[in-house]
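Dear colleague,

Please find the structure below, handed over for your files. My account of what was found in it follows directly after.

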Amino acid sequence: MQIWQAYKSIIIQNCSGDTSQLHGLHYWSNKLFATMMLYLFPLFLFALIPGVYMSIISHLYTLAGFDIFIVASITASILLPGMSVKARKSWFIGLLYLLAVGLLYYLGWYGPGLLYLLALTIFCLLVFHGEHPFRTVYANAVICISVAICIHFNLLKNGISLQYSLGSWIAVSSNLIILCIVVAILLPMLFNGLQQSNNRYETVAQATSDTIWDWDIANDTILYNYGMSRTFGHQLTEIRDVNRWLKNKLHPADLHFINKQINKALTNGDNLLQLSYRFLCADGKYKHVFDRAFIVRNSDTGIPVRVIGAMQDITRQKEEEQWLRLTESALRYATDAVLIVEAEANSHHQRKIVYVNKAFTHITGYGKHEVTGTYIDILLKTDHSFQQPTTSAIAEQNSAFEVEIVSHKKNGERYWSHRSASPVKDNTGATTHWILIERDVTLLKGHIDAVEKQNIQLKEIAWTQAHIVRAPVARIMGLADLLSDHVAQNPDAAELLKFLTLSADELDDIVREIIKKSE
(Lines give C-alpha, C1' and ligand atoms only; values in the text may rest on other atoms or scores of the structure.)
Protein backbone atom coordinates (compact mmCIF):
# COMPACT_ATOMS: atom_id res chain seq x y z
CA MET A 1 0.00 0.00 0.00
CA GLN A 2 2.82 2.43 0.83
CA ILE A 3 4.47 1.65 -2.52
CA TRP A 4 1.20 2.38 -4.34
CA GLN A 5 0.72 5.66 -2.45
CA ALA A 6 4.29 6.74 -3.23
CA TYR A 7 3.82 5.82 -6.90
CA LYS A 8 0.46 7.63 -7.00
CA SER A 9 1.98 10.75 -5.44
CA ILE A 10 4.75 10.84 -8.08
CA ILE A 11 2.31 10.40 -10.97
CA ILE A 12 -0.09 13.06 -9.67
CA GLN A 13 2.74 15.49 -9.05
CA ASN A 14 4.35 14.98 -12.48
CA CYS A 15 1.21 14.77 -14.61
CA SER A 16 -1.29 17.11 -12.93
CA GLY A 17 0.56 20.38 -13.36
CA ASP A 18 -0.78 23.47 -11.60
CA THR A 19 -3.53 22.41 -9.18
CA SER A 20 -4.08 25.79 -7.53
CA GLN A 21 -7.27 26.13 -9.58
CA LEU A 22 -9.52 23.10 -9.34
CA HIS A 23 -11.90 24.13 -12.12
CA GLY A 24 -12.02 24.45 -15.88
CA LEU A 25 -11.23 22.13 -18.77
CA HIS A 26 -7.48 22.71 -18.44
CA TYR A 27 -7.50 21.37 -14.90
CA TRP A 28 -9.72 18.40 -15.74
CA SER A 29 -7.72 17.45 -18.84
CA ASN A 30 -4.55 17.37 -16.71
CA LYS A 31 -6.34 15.39 -14.02
CA LEU A 32 -7.61 12.96 -16.65
CA PHE A 33 -4.09 12.55 -18.07
CA ALA A 34 -2.67 11.91 -14.60
CA THR A 35 -5.38 9.33 -13.86
CA MET A 36 -4.81 7.70 -17.25
CA MET A 37 -1.09 7.41 -16.58
CA LEU A 38 -1.77 6.14 -13.08
CA TYR A 39 -3.54 3.05 -14.38
CA LEU A 40 -2.19 2.64 -17.92
CA PHE A 41 1.42 2.30 -16.83
CA PRO A 42 0.79 -0.79 -14.62
CA LEU A 43 -1.37 -2.25 -17.40
CA PHE A 44 1.43 -1.73 -19.93
CA LEU A 45 3.83 -3.49 -17.59
CA PHE A 46 1.32 -6.29 -17.10
CA ALA A 47 0.83 -6.68 -20.87
CA LEU A 48 4.57 -6.49 -21.60
CA ILE A 49 5.39 -9.94 -20.23
CA PRO A 50 3.00 -12.02 -22.39
CA GLY A 51 3.65 -9.75 -25.38
CA VAL A 52 7.40 -10.21 -25.23
CA TYR A 53 6.97 -13.93 -24.60
CA MET A 54 4.72 -14.40 -27.66
CA SER A 55 7.07 -12.33 -29.81
CA ILE A 56 10.04 -14.46 -28.82
CA ILE A 57 8.37 -17.82 -29.41
CA SER A 58 7.13 -16.43 -32.77
CA HIS A 59 10.72 -15.42 -33.58
CA LEU A 60 9.69 -11.75 -33.75
CA TYR A 61 12.66 -10.55 -31.77
CA THR A 62 12.49 -7.07 -33.21
CA LEU A 63 8.88 -6.76 -32.03
CA ALA A 64 9.91 -7.90 -28.54
CA GLY A 65 12.61 -5.25 -28.40
CA PHE A 66 10.16 -2.69 -29.80
CA ASP A 67 7.67 -3.46 -26.99
CA ILE A 68 10.36 -3.11 -24.34
CA PHE A 69 11.47 0.22 -25.85
CA ILE A 70 7.91 1.59 -25.85
CA VAL A 71 7.24 0.64 -22.23
CA ALA A 72 10.61 2.03 -21.11
CA SER A 73 9.91 5.30 -22.94
CA ILE A 74 6.44 5.57 -21.37
CA THR A 75 8.06 4.97 -17.98
CA ALA A 76 10.50 7.79 -18.62
CA SER A 77 7.72 10.12 -19.83
CA ILE A 78 5.82 9.87 -16.56
CA LEU A 79 8.59 9.41 -13.98
CA LEU A 80 11.35 11.80 -15.12
CA PRO A 81 11.21 15.09 -13.17
CA GLY A 82 11.50 18.57 -14.64
CA MET A 83 9.21 18.14 -17.65
CA SER A 84 6.08 20.16 -18.31
CA VAL A 85 2.74 18.40 -18.43
CA LYS A 86 2.29 19.38 -22.07
CA ALA A 87 5.64 17.81 -22.97
CA ARG A 88 4.69 14.59 -21.17
CA LYS A 89 1.38 14.49 -23.04
CA SER A 90 3.08 15.02 -26.40
CA TRP A 91 5.72 12.37 -25.60
CA PHE A 92 3.06 9.88 -24.57
CA ILE A 93 0.93 10.49 -27.69
CA GLY A 94 4.02 10.18 -29.89
CA LEU A 95 4.91 6.84 -28.28
CA LEU A 96 1.36 5.57 -28.78
CA TYR A 97 1.56 6.49 -32.46
CA LEU A 98 4.88 4.67 -32.74
CA LEU A 99 3.34 1.66 -30.97
CA ALA A 100 0.29 1.71 -33.25
CA VAL A 101 2.39 1.83 -36.42
CA GLY A 102 4.71 -0.91 -35.14
CA LEU A 103 1.86 -3.22 -34.18
CA LEU A 104 0.15 -2.49 -37.48
CA TYR A 105 3.28 -3.35 -39.42
CA TYR A 106 4.19 -6.53 -37.54
CA LEU A 107 0.77 -7.96 -36.63
CA GLY A 108 -1.69 -6.49 -39.11
CA TRP A 109 -5.03 -8.26 -38.64
CA TYR A 110 -3.74 -9.90 -35.50
CA GLY A 111 -2.67 -6.72 -33.67
CA PRO A 112 -4.43 -3.74 -32.11
CA GLY A 113 -2.70 -1.23 -34.40
CA LEU A 114 -5.94 0.15 -35.90
CA LEU A 115 -7.54 0.15 -32.46
CA TYR A 116 -4.66 2.27 -31.15
CA LEU A 117 -5.12 4.76 -33.99
CA LEU A 118 -8.78 5.20 -33.06
CA ALA A 119 -7.93 5.37 -29.35
CA LEU A 120 -5.32 8.03 -30.09
CA THR A 121 -8.00 10.35 -31.46
CA ILE A 122 -9.98 9.93 -28.26
CA PHE A 123 -6.90 10.26 -26.02
CA CYS A 124 -5.73 13.45 -27.73
CA LEU A 125 -9.14 15.07 -27.45
CA LEU A 126 -9.35 14.17 -23.76
CA VAL A 127 -5.88 15.19 -22.59
CA PHE A 128 -5.77 18.36 -24.73
CA HIS A 129 -9.46 19.23 -23.90
CA GLY A 130 -10.59 19.37 -27.52
CA GLU A 131 -7.87 21.65 -28.92
CA HIS A 132 -7.23 21.13 -32.66
CA PRO A 133 -9.56 18.11 -32.80
CA PHE A 134 -8.73 17.11 -36.42
CA ARG A 135 -4.97 16.83 -35.95
CA THR A 136 -5.20 13.13 -35.14
CA VAL A 137 -7.62 12.63 -38.04
CA TYR A 138 -5.02 14.11 -40.40
CA ALA A 139 -2.25 12.03 -38.80
CA ASN A 140 -4.31 8.81 -39.09
CA ALA A 141 -5.18 9.64 -42.68
CA VAL A 142 -1.48 10.16 -43.52
CA ILE A 143 -0.61 6.81 -41.91
CA CYS A 144 -3.41 4.99 -43.77
CA ILE A 145 -2.48 6.59 -47.11
CA SER A 146 1.20 5.72 -46.53
CA VAL A 147 0.28 2.10 -45.82
CA ALA A 148 -1.91 2.04 -48.96
CA ILE A 149 1.01 3.32 -51.06
CA CYS A 150 3.30 0.70 -49.55
CA ILE A 151 0.76 -2.07 -50.33
CA HIS A 152 0.10 -0.82 -53.85
CA PHE A 153 3.78 -0.58 -54.77
CA ASN A 154 4.74 -3.66 -52.74
CA LEU A 155 7.29 -1.67 -50.74
CA LEU A 156 6.93 -3.88 -47.66
CA LYS A 157 8.04 -7.48 -47.98
CA ASN A 158 6.39 -8.80 -44.86
CA GLY A 159 3.91 -7.90 -42.13
CA ILE A 160 0.93 -5.88 -43.15
CA SER A 161 1.62 -6.01 -46.90
CA LEU A 162 1.15 -9.78 -46.86
CA GLN A 163 -2.21 -9.58 -45.04
CA TYR A 164 -3.98 -6.80 -46.92
CA SER A 165 -4.81 -6.14 -50.51
CA LEU A 166 -5.16 -2.52 -51.52
CA GLY A 167 -8.95 -2.78 -51.66
CA SER A 168 -9.30 -4.46 -48.28
CA TRP A 169 -6.97 -1.91 -46.69
CA ILE A 170 -8.94 0.98 -48.15
CA ALA A 171 -12.19 -0.53 -46.84
CA VAL A 172 -10.75 -1.01 -43.33
CA SER A 173 -8.86 2.27 -43.12
CA SER A 174 -11.74 4.35 -44.48
CA ASN A 175 -13.96 3.07 -41.67
CA LEU A 176 -11.23 4.04 -39.22
CA ILE A 177 -11.02 7.57 -40.62
CA ILE A 178 -14.81 7.96 -40.54
CA LEU A 179 -14.93 6.92 -36.89
CA CYS A 180 -12.11 9.33 -36.07
CA ILE A 181 -13.97 12.18 -37.80
CA VAL A 182 -17.15 11.39 -35.84
CA VAL A 183 -15.19 11.38 -32.57
CA ALA A 184 -13.41 14.62 -33.52
CA ILE A 185 -16.77 16.30 -34.10
CA LEU A 186 -18.71 14.98 -31.10
CA LEU A 187 -16.17 15.28 -28.28
CA PRO A 188 -15.36 18.99 -28.89
CA MET A 189 -19.11 19.69 -28.84
CA LEU A 190 -19.23 18.06 -25.44
CA PHE A 191 -16.20 20.06 -24.24
CA ASN A 192 -17.66 23.33 -25.52
CA GLY A 193 -20.91 22.65 -23.69
CA LEU A 194 -19.04 21.85 -20.50
CA GLN A 195 -16.92 24.98 -20.89
CA GLN A 196 -20.00 27.15 -21.40
CA SER A 197 -21.65 25.64 -18.33
CA ASN A 198 -18.49 26.19 -16.33
CA ASN A 199 -18.25 29.79 -17.57
CA ARG A 200 -21.85 30.46 -16.58
CA TYR A 201 -21.19 28.89 -13.20
CA GLU A 202 -18.12 31.05 -12.64
CA THR A 203 -19.88 34.18 -13.90
CA VAL A 204 -22.79 33.66 -11.53
CA ALA A 205 -20.40 32.92 -8.67
CA GLN A 206 -18.44 36.11 -9.36
CA ALA A 207 -21.59 38.19 -9.81
CA THR A 208 -22.96 37.07 -6.44
CA SER A 209 -19.53 37.07 -4.73
CA ASP A 210 -20.65 33.87 -2.99
CA THR A 211 -18.43 30.88 -2.35
CA ILE A 212 -20.03 27.88 -4.07
CA TRP A 213 -19.33 24.44 -2.62
CA ASP A 214 -20.23 20.88 -3.62
CA TRP A 215 -20.05 18.12 -1.01
CA ASP A 216 -19.95 14.55 -2.31
CA ILE A 217 -21.26 12.68 0.71
CA ALA A 218 -20.42 9.17 -0.51
CA ASN A 219 -16.75 9.97 -1.24
CA ASP A 220 -16.51 12.55 1.56
CA THR A 221 -14.98 15.15 -0.75
CA ILE A 222 -15.87 18.80 -1.11
CA LEU A 223 -15.07 21.24 -3.92
CA TYR A 224 -15.13 25.03 -3.69
CA ASN A 225 -15.01 27.66 -6.37
CA TYR A 226 -12.51 30.53 -6.39
CA GLY A 227 -14.57 32.36 -3.75
CA MET A 228 -12.85 30.26 -1.08
CA SER A 229 -9.49 31.86 -1.89
CA ARG A 230 -10.93 35.24 -2.89
CA THR A 231 -13.11 35.72 0.20
CA PHE A 232 -11.44 33.61 2.89
CA GLY A 233 -7.86 33.36 1.61
CA HIS A 234 -7.62 29.54 1.63
CA GLN A 235 -5.99 27.71 -1.26
CA LEU A 236 -8.20 25.06 -2.82
CA THR A 237 -5.40 22.49 -2.68
CA GLU A 238 -5.27 22.52 1.13
CA ILE A 239 -8.69 20.86 1.42
CA ARG A 240 -8.13 17.17 2.06
CA ASP A 241 -9.97 15.49 4.93
CA VAL A 242 -13.33 17.30 4.82
CA ASN A 243 -14.39 16.59 8.42
CA ARG A 244 -11.07 17.62 9.92
CA TRP A 245 -10.76 20.63 7.64
CA LEU A 246 -14.22 21.96 8.53
CA LYS A 247 -13.66 21.22 12.22
CA ASN A 248 -10.59 23.44 12.14
CA LYS A 249 -12.29 26.23 10.19
CA LEU A 250 -15.64 26.52 12.01
CA HIS A 251 -15.70 28.55 15.20
CA PRO A 252 -15.61 26.18 18.21
CA ALA A 253 -18.75 27.79 19.64
CA ASP A 254 -20.66 27.10 16.39
CA LEU A 255 -19.33 23.64 15.55
CA HIS A 256 -21.71 21.53 17.64
CA PHE A 257 -24.79 23.47 16.56
CA ILE A 258 -23.83 23.33 12.85
CA ASN A 259 -23.22 19.56 12.97
CA LYS A 260 -26.55 19.11 14.70
CA GLN A 261 -28.37 21.17 12.05
CA ILE A 262 -26.72 19.31 9.16
CA ASN A 263 -27.46 15.87 10.61
CA LYS A 264 -31.03 16.87 11.32
CA ALA A 265 -31.57 18.08 7.73
CA LEU A 266 -29.99 14.94 6.24
CA THR A 267 -32.02 12.52 8.38
CA ASN A 268 -35.36 14.37 8.25
CA GLY A 269 -35.59 14.34 4.48
CA ASP A 270 -35.18 18.12 4.10
CA ASN A 271 -34.04 19.51 0.76
CA LEU A 272 -33.07 22.98 1.93
CA LEU A 273 -30.55 23.92 4.58
CA GLN A 274 -29.71 27.36 5.99
CA LEU A 275 -26.85 27.95 8.41
CA SER A 276 -25.21 30.91 10.11
CA TYR A 277 -21.74 30.51 11.58
CA ARG A 278 -18.27 31.99 11.87
CA PHE A 279 -15.57 30.76 9.48
CA LEU A 280 -11.82 31.02 10.03
CA CYS A 281 -9.91 32.90 7.31
CA ALA A 282 -6.31 32.36 6.28
CA ASP A 283 -5.27 35.53 8.19
CA GLY A 284 -6.52 34.05 11.47
CA LYS A 285 -9.68 36.19 11.67
CA TYR A 286 -13.25 34.91 11.65
CA LYS A 287 -15.90 36.04 9.20
CA HIS A 288 -19.64 35.70 9.67
CA VAL A 289 -21.19 33.45 7.02
CA PHE A 290 -24.75 32.83 5.91
CA ASP A 291 -24.87 29.46 4.13
CA ARG A 292 -27.75 28.28 1.94
CA ALA A 293 -27.61 24.72 0.61
CA PHE A 294 -29.66 22.28 -1.41
CA ILE A 295 -29.57 18.58 -0.55
CA VAL A 296 -29.56 16.20 -3.53
CA ARG A 297 -31.08 12.81 -2.73
CA ASN A 298 -31.32 9.49 -4.51
CA SER A 299 -34.67 9.51 -6.32
CA ASP A 300 -35.38 5.89 -5.34
CA THR A 301 -34.09 5.61 -1.78
CA GLY A 302 -34.17 9.24 -0.66
CA ILE A 303 -30.65 8.89 0.71
CA PRO A 304 -28.68 12.17 0.46
CA VAL A 305 -25.81 11.89 -2.00
CA ARG A 306 -24.69 15.50 -2.47
CA VAL A 307 -25.10 18.90 -0.89
CA ILE A 308 -24.57 22.03 -2.98
CA GLY A 309 -24.44 25.37 -1.22
CA ALA A 310 -23.37 29.00 -1.37
CA MET A 311 -21.46 30.74 1.44
CA GLN A 312 -22.19 34.45 1.71
CA ASP A 313 -19.91 36.74 3.70
CA ILE A 314 -22.18 38.77 5.98
CA THR A 315 -19.48 40.12 8.28
CA ARG A 316 -20.20 43.71 7.34
CA GLN A 317 -23.94 43.25 7.89
CA LYS A 318 -23.27 41.69 11.31
CA GLU A 319 -21.00 44.56 12.29
CA GLU A 320 -23.58 47.08 11.12
CA GLU A 321 -26.31 45.27 13.08
CA GLN A 322 -24.13 45.31 16.18
CA TRP A 323 -23.43 48.99 15.68
CA LEU A 324 -27.14 49.70 15.20
CA ARG A 325 -27.94 47.85 18.42
CA LEU A 326 -25.34 49.88 20.29
CA THR A 327 -26.66 53.09 18.75
CA GLU A 328 -30.24 52.18 19.58
CA SER A 329 -29.21 51.40 23.14
CA ALA A 330 -27.41 54.73 23.45
CA LEU A 331 -30.40 56.61 22.05
CA ARG A 332 -32.81 54.72 24.27
CA TYR A 333 -31.05 55.75 27.47
CA ALA A 334 -30.02 59.24 26.36
CA THR A 335 -31.40 62.15 28.38
CA ASP A 336 -31.81 64.33 25.27
CA ALA A 337 -34.76 63.85 22.95
CA VAL A 338 -33.78 62.47 19.52
CA LEU A 339 -35.92 62.61 16.39
CA ILE A 340 -35.11 61.26 12.93
CA VAL A 341 -37.04 62.87 10.10
CA GLU A 342 -37.16 62.06 6.39
CA ALA A 343 -35.57 64.75 4.27
CA GLU A 344 -37.92 64.26 1.32
CA ALA A 345 -41.25 66.04 1.74
CA ASN A 346 -44.62 64.97 0.42
CA SER A 347 -46.83 67.06 -1.86
CA HIS A 348 -47.85 69.22 1.12
CA HIS A 349 -44.19 69.92 2.04
CA GLN A 350 -44.49 67.71 5.10
CA ARG A 351 -41.70 65.48 6.35
CA LYS A 352 -42.36 62.22 8.15
CA ILE A 353 -40.97 61.31 11.57
CA VAL A 354 -39.38 57.84 11.50
CA TYR A 355 -37.92 57.59 15.01
CA VAL A 356 -38.15 59.13 18.50
CA ASN A 357 -36.50 57.90 21.69
CA LYS A 358 -37.82 57.63 25.25
CA ALA A 359 -36.38 60.96 26.30
CA PHE A 360 -38.57 62.60 23.67
CA THR A 361 -41.68 61.23 25.40
CA HIS A 362 -40.37 62.29 28.79
CA ILE A 363 -39.73 65.86 27.62
CA THR A 364 -42.70 66.53 25.34
CA GLY A 365 -45.34 64.11 26.61
CA TYR A 366 -45.90 62.71 23.11
CA GLY A 367 -45.74 58.88 22.94
CA LYS A 368 -43.58 57.10 20.37
CA HIS A 369 -46.59 55.61 18.58
CA GLU A 370 -48.33 58.99 18.49
CA VAL A 371 -45.66 60.70 16.40
CA THR A 372 -43.87 57.91 14.52
CA GLY A 373 -45.19 57.91 10.97
CA THR A 374 -46.75 61.36 11.40
CA TYR A 375 -45.30 64.63 10.19
CA ILE A 376 -42.94 66.96 11.97
CA ASP A 377 -45.37 69.86 11.62
CA ILE A 378 -47.16 68.61 14.74
CA LEU A 379 -44.07 69.46 16.78
CA LEU A 380 -43.43 72.85 15.20
CA LYS A 381 -46.41 74.58 16.74
CA THR A 382 -44.17 77.07 18.46
CA ASP A 383 -42.72 80.51 18.02
CA HIS A 384 -42.05 81.66 14.47
CA SER A 385 -38.41 82.05 15.49
CA PHE A 386 -38.01 78.26 15.33
CA GLN A 387 -40.62 77.36 12.73
CA GLN A 388 -39.07 79.44 9.98
CA PRO A 389 -35.37 78.45 10.28
CA THR A 390 -36.21 74.77 10.81
CA THR A 391 -38.47 74.34 7.79
CA SER A 392 -36.30 76.43 5.49
CA ALA A 393 -33.07 74.69 6.48
CA ILE A 394 -34.57 71.25 5.97
CA ALA A 395 -36.16 72.27 2.68
CA GLU A 396 -32.88 73.68 1.38
CA GLN A 397 -30.89 70.70 2.76
CA ASN A 398 -28.64 73.16 4.52
CA SER A 399 -25.89 72.38 7.00
CA ALA A 400 -26.41 71.74 10.70
CA PHE A 401 -27.94 74.50 12.82
CA GLU A 402 -29.04 75.21 16.40
CA VAL A 403 -31.82 77.30 17.92
CA GLU A 404 -33.16 78.02 21.42
CA ILE A 405 -36.86 78.77 21.68
CA VAL A 406 -39.94 78.47 23.88
CA SER A 407 -41.84 75.31 22.91
CA HIS A 408 -44.98 73.55 24.13
CA LYS A 409 -45.55 70.08 25.54
CA LYS A 410 -48.50 67.90 24.62
CA ASN A 411 -50.48 69.30 27.57
CA GLY A 412 -49.76 72.88 26.44
CA GLU A 413 -47.12 73.57 29.08
CA ARG A 414 -44.44 75.99 27.92
CA TYR A 415 -40.77 75.14 28.28
CA TRP A 416 -37.45 76.39 27.01
CA SER A 417 -35.99 74.05 24.33
CA HIS A 418 -32.52 73.96 22.85
CA ARG A 419 -32.75 72.18 19.48
CA SER A 420 -30.02 71.22 17.03
CA ALA A 421 -30.47 69.63 13.61
CA SER A 422 -27.94 67.77 11.43
CA PRO A 423 -28.43 66.33 7.93
CA VAL A 424 -27.68 62.64 7.18
CA LYS A 425 -26.25 62.12 3.70
CA ASP A 426 -25.82 58.98 1.60
CA ASN A 427 -22.72 58.00 -0.37
CA THR A 428 -23.74 60.33 -3.22
CA GLY A 429 -23.94 63.35 -0.92
CA ALA A 430 -27.74 63.59 -1.04
CA THR A 431 -29.52 64.30 2.25
CA THR A 432 -31.81 61.40 3.17
CA HIS A 433 -32.75 62.24 6.78
CA TRP A 434 -32.42 64.88 9.47
CA ILE A 435 -31.50 64.16 13.08
CA LEU A 436 -32.97 66.62 15.57
CA ILE A 437 -31.78 66.67 19.17
CA GLU A 438 -33.80 68.54 21.78
CA ARG A 439 -32.90 69.42 25.35
CA ASP A 440 -35.18 70.92 27.99
CA VAL A 441 -33.24 73.93 29.30
CA THR A 442 -36.06 75.50 31.32
CA LEU A 443 -34.25 75.08 34.66
CA LEU A 444 -30.99 76.27 33.13
CA LYS A 445 -32.71 79.32 31.69
CA GLY A 446 -34.26 79.97 35.13
CA HIS A 447 -30.87 79.79 36.81
CA ILE A 448 -29.35 82.06 34.19
CA ASP A 449 -32.15 84.61 34.58
CA ALA A 450 -31.77 84.50 38.35
CA VAL A 451 -28.02 85.00 38.11
CA GLU A 452 -28.44 87.86 35.64
CA LYS A 453 -30.98 89.58 37.93
CA GLN A 454 -28.66 89.08 40.89
CA ASN A 455 -25.77 90.55 38.94
CA ILE A 456 -27.84 93.62 38.12
CA GLN A 457 -28.76 94.02 41.75
CA LEU A 458 -25.16 93.60 42.81
CA LYS A 459 -24.05 96.19 40.29
CA GLU A 460 -26.65 98.60 41.58
CA ILE A 461 -25.62 97.97 45.18
CA ALA A 462 -21.94 98.31 44.34
CA TRP A 463 -22.49 101.53 42.44
CA THR A 464 -24.69 103.01 45.18
CA GLN A 465 -22.40 102.03 48.06
CA ALA A 466 -19.32 103.15 46.19
CA HIS A 467 -20.74 106.63 45.60
CA ILE A 468 -22.01 106.89 49.21
CA VAL A 469 -18.62 105.86 50.61
CA ARG A 470 -16.71 108.18 48.29
CA ALA A 471 -18.50 111.31 49.63
CA PRO A 472 -17.04 111.15 53.20
CA VAL A 473 -13.70 110.09 51.77
CA ALA A 474 -13.69 113.24 49.68
CA ARG A 475 -14.54 115.32 52.77
CA ILE A 476 -11.71 113.75 54.74
CA MET A 477 -9.29 114.50 51.91
CA GLY A 478 -10.51 118.17 51.86
CA LEU A 479 -10.17 118.55 55.61
CA ALA A 480 -6.67 117.10 55.48
CA ASP A 481 -5.68 119.77 52.98
CA LEU A 482 -7.04 122.52 55.30
CA LEU A 483 -5.31 121.13 58.37
CA SER A 484 -1.99 120.99 56.62
CA ASP A 485 -1.76 124.81 56.74
CA HIS A 486 -2.23 124.91 60.56
CA VAL A 487 0.13 122.17 61.64
CA ALA A 488 3.12 123.12 59.52
CA GLN A 489 5.04 124.29 62.67
CA ASN A 490 4.34 121.08 64.62
CA PRO A 491 6.43 118.14 63.25
CA ASP A 492 4.51 115.45 65.05
CA ALA A 493 1.13 116.72 63.90
CA ALA A 494 2.44 117.12 60.35
CA GLU A 495 3.58 113.49 60.34
CA LEU A 496 0.19 112.28 61.56
CA LEU A 497 -1.57 114.41 58.98
CA LYS A 498 0.64 112.93 56.28
CA PHE A 499 -0.46 109.37 57.20
CA LEU A 500 -4.11 110.53 57.30
CA THR A 501 -3.84 111.99 53.79
CA LEU A 502 -2.16 108.83 52.44
CA SER A 503 -4.89 106.58 53.89
CA ALA A 504 -7.59 108.82 52.43
CA ASP A 505 -5.96 108.62 48.98
CA GLU A 506 -5.76 104.80 49.18
CA LEU A 507 -9.41 104.58 50.23
CA ASP A 508 -10.35 106.90 47.35
CA ASP A 509 -8.52 104.61 44.84
CA ILE A 510 -10.39 101.57 46.19
CA VAL A 511 -13.73 103.30 45.86
CA ARG A 512 -12.91 104.42 42.30
CA GLU A 513 -11.98 100.82 41.37
CA ILE A 514 -15.31 99.54 42.79
CA ILE A 515 -17.20 102.15 40.76
CA LYS A 516 -15.27 101.21 37.62
CA LYS A 517 -16.09 97.48 37.99
CA SER A 518 -19.76 98.12 38.70
CA GLU A 519 -20.26 100.16 35.52
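**Findings**

Gln274 stands opposite Arg292 in β4. This pair belongs to the antiparallel pairing of β3 with strand β4 (residues 286-297), which extends over nine bridges. Please bear in mind throughout that the model is predicted.

**The strands β3, β4 and β5**

The hairpin of β3 and β4 has five residues between its strands, and Gly284 there adopts a positive phi near 90°. On β4, the pairing continues with β5: the two strands run antiparallel and are joined by nine bridges. Phe294 has Ile308 in β5 as its bridge partner. β4 and β5 also form a hairpin, in this case with six residues between them, and Gly302 in the turn shows a positive phi of about 75°.

**The second largest pocket**

Two of these strands, β3 (272-280) and β5 (304-313), each supply at least two residues of the lining of the second largest pocket. The other elements that do so are β1 (211-216), β2 (221-224), α10 (242-249) and α11 (252-267). Which of the elements gives the most to this lining? It is α11, with six residues.

The space in the second largest pocket amounts to about 440 Å³. Its lining consists of 22 residues, and those nearest the centre are Trp215, Leu246, Ile258, Asn259 and Ile262. By character, the lining divides into 17 nonpolar residues, three polar and two charged.

**Salt bridges**

How many salt bridges does a search of the whole structure find? The search yields eight. In general terms, side chains of opposite charge can pair when their charged atoms come close. A salt bridge joins the side chains of Asp254 and Arg278, at 3.0 Å from N to O. Asp254 lies in helix α11 and Arg278 in strand β3, so this pair ties together parts that are 24 residues apart in sequence. Both α11 and β3 thus appear again here, having already been named as contributors to the lining of the second largest pocket.

**The strands β8, β9 and β10**

A further set of pairings involves strand β8 (residues 401-408) and strand β9 (residues 414-425), which are antiparallel over eight bridges. His408 has Arg414 in β9 as its bridge partner. Five residues lie between the strands in the hairpin of β8 and β9, where Gly412 takes a positive phi near 90°.

β9 is in turn joined to strand β10 (residues 431-440) by nine bridges, and the two run antiparallel. Here Ser420 is partnered by Ile437 in β10. The hairpin that β9 and β10 form has five residues between the strands, and Gly429 in its turn has a positive phi of about 90°.

**A nonpolar surface patch**

Finally, I draw your attention to the surface. Ile178, Ile181, Val182, Ile185, Leu186 and Met189 make a nonpolar patch of about 530 Å². Of these residues, Ile178 has its place in helix α8 (residues 166-208).

With kind regards

Terms used:
Residues are numbered from 1 along each chain as its sequence is written. This is a predicted model: local features need pLDDT of at least 70, side-chain atom pairs count only at pLDDT 80 or more; totals for chains, interfaces and linings use all residues. Side-chain values use heavy atoms; hydrogens and water are left out. On a 1 Å grid over the protein atoms alone, a cavity is a set of points where a 1.4 Å probe fits but cannot get out, and a pocket is an open set with protein on both sides within 12 Å along at least five of seven lines; lining residues have an atom within 4 Å of a point. Grid points are joined across faces, edges and corners, and a volume is the space filled by probe spheres set on the points. Helices (H or I, at least four residues) and strands (E, at least two) are DSSP runs, numbered from the N terminus. Ala, Val, Leu, Ile, Met, Phe, Trp, Tyr, Cys and Pro count as nonpolar, Asp, Glu, Lys and Arg as charged, and the others, Gly among them, as polar. Patches are made of residues with over 30% relative accessible area and no salt bridge: like charges are joined within 9 Å, nonpolar side chains (Val, Leu, Ile, Met, Phe, Trp, Tyr) within 5 Å. Accessible areas come from the Shrake-Rupley method with a 1.4 Å probe; for residues, only the protein chains shown count as cover. A salt bridge is a side-chain nitrogen of Lys or Arg within 4 Å of a carboxyl oxygen of Asp or Glu. Two strands pair if DSSP finds at least two bridges between them.
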